[in-house]
Amino acid sequence: ETLVPVFDQTFRDLVPLSERWGRLELEVIHRPKEDDIYVGNLEPCPSFYGFNVPQLHSLHVQHRSPYSDIGSNVCNHLLCGWNTPNLRHLTSKHFFALWLGVDNLKTFNVTLDLSDVDFTDFVTVLALMKELEDFHLTLTGSHSFDQSRNPPPPFINLPSVRRLHIELSIS
């Protein structure tokens with residue numbers, strides 16, 4: 001199945017103004033085509049690769065999908081190569097931005113499912129966040145989590161973090 005990002009008309013009208021965006025909230029929902037119920041005029045949007053959002057200081061990405069691996073790949077491709085030199089605050093739910101410029105983040109609030117995260121990649125990207133002051137990590141999952149899939153991540157030093165909150169929510 002080919003995945004094509006689809007956006008409503010309002011969003012497509014705002015894309016030409018992206019260089020002035022200061023805050024952006026994205027909700028990414030993946031449904032099989034046969035389950036989709038389209039409301040209004042939804043059409044594919046141009047590629048976001050290398051999207052220029054120089055004023056963006058706050059980004060909130062929420063991924064909702066029963067197909068977590070597919071949705072995470074869609075989210076990563078949407079955000080790949082974005083120019084975000086002023087990004088300071090990132091909130092991410094059930095998605096981890098592997099290819100988004102995070103060097104200047106001050107606040108990072110992330111919720112991840114244990115079965116969907118590669119901790120080696122996570123720690124590698126986290127180590128790039130030299131300016132990070134507030135870090136909130138929530139891990140969700142079930143008791144059946146297969147730890148052998150994820151070896152212990154390497155040690156990481158986050159000297160600028162002043163507020164750290166780690167939450168584990170197991171069902």
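Start by selecting strand β7, residues 134-141: 8 bridges join this strand to β8, and the two run parallel. Keep in mind as you go that this is a predicted model. For one rung of that ladder, pick Phe135 in your viewer and look across to β8, where its bridge partner is Leu164.

**Widen the view to the sheet**

Now colour the strands in the order β2-β4-β5-β6-β7-β8: these 6 strands form an open sheet with parallel pairing. Where does the sheet end? Select β2 (23-29) and β8 (163-170), which stand at the edges. Each of them has a single partner strand, so one side of each is left without a neighbour in the sheet. If you look along the strands, neighbouring ones are turned by 10° against each other on average, ignoring direction.

**Zoom out to the whole chain**

Switch to a cartoon of everything and you will find 3 helices and 8 strands. Following the sequence, the pattern reads β-α-β-β-β-α-β-β-α-β-β. Of the 171 residues in the protein, 37% are buried. A contact map is a nice companion here: among contacts between residues at least 6 apart in sequence, 75% join residues at least 24 apart. Add a surface, and its accessible area comes to about 10,200 Å², with 53% belonging to carbon and sulfur atoms.

**Show the aromatic rings**

Display the aromatic side chains next; the whole structure holds 4 aromatic pairs. Centre on Phe108 and Phe135, a stacked pair with 5.8 Å from centre to centre and 10° between the planes. Phe108 belongs to strand β6 (residues 107-113) and Phe135 to β7, so this pair ties together parts that are 27 residues apart in sequence. Are these two rings' residues buried or exposed? Both Phe108 and Phe135 are buried. For another stop among the rings, select Trp21, Phe51 and Trp82, which ring pairs link into a cluster.

**Turn to helix α3**

Select residues 119-126, helix α3, and show the side chains of Phe119, Phe122, Val123, Val125 and Leu126, which are buried. Why do they sit on the same side of α3? They cover an arc of only 165° around the axis, which puts them on the same side of the helix. To see what lies over these buried residues, bring back β6 and β7, which are included in their cover.

**Stop at Thr140**

Go back to strand β7 and pick Thr140. Its relative accessible area is 16%, and residues under 20% count as buried, so Thr140 is buried. Which residues does Thr140 touch beyond its neighbours within four places in sequence? Show His94, Thr111, Leu112, Asp113, Leu114 and Ser169, and you have its contacts.

**Finish at Asn83**

For the last stop, move to the loop between α2 (68-79) and β5 (89-93), where Asn83 is placed. Asn83 has 33% relative accessibility and counts as partly exposed. Setting aside neighbours within four places in sequence, Asn83 is in contact with Phe51, Asn52, Val53 and Pro54. Try a distance label between the C-alpha atoms of Asn83 and Pro54: these residues are 29 apart in sequence and 6.2 Å apart in space. While you are here, leave Phe51 selected, since this contact of Asn83 is also one of the residues in the ring cluster with Trp21 and Trp82.

How values were computed: Residues are numbered from 1 along each chain as its sequence is written. This is a predicted model: local features need pLDDT of at least 70, side-chain atom pairs count only at pLDDT 80 or more; totals for chains, interfaces and linings use all residues. Side-chain values use heavy atoms; hydrogens and water are left out. Two strands pair if DSSP finds at least two bridges between them. Helices (H or I, at least four residues) and strands (E, at least two) are DSSP runs, numbered from the N terminus. Axes are lines fitted to C-alpha atoms, for helices over the stretch in contact, and angles run from 0 to 180 degrees between N-to-C directions. Buried means under 20% relative accessible area, exposed over 50%, partly exposed in between (1.4 Å probe, protein chains only). Contact means heavy atoms within 4.5 Å. Accessible areas come from the Shrake-Rupley method with a 1.4 Å probe; for residues, only the protein chains shown count as cover. Rings of Phe, Tyr and Trp (its six-membered ring) pair if their centres lie within 6.5 Å; planes under 30 degrees apart count as stacked, over 60 as edge-to-face and the rest as tilted. The arc is that of the directions from the helix axis to the C-beta atoms.
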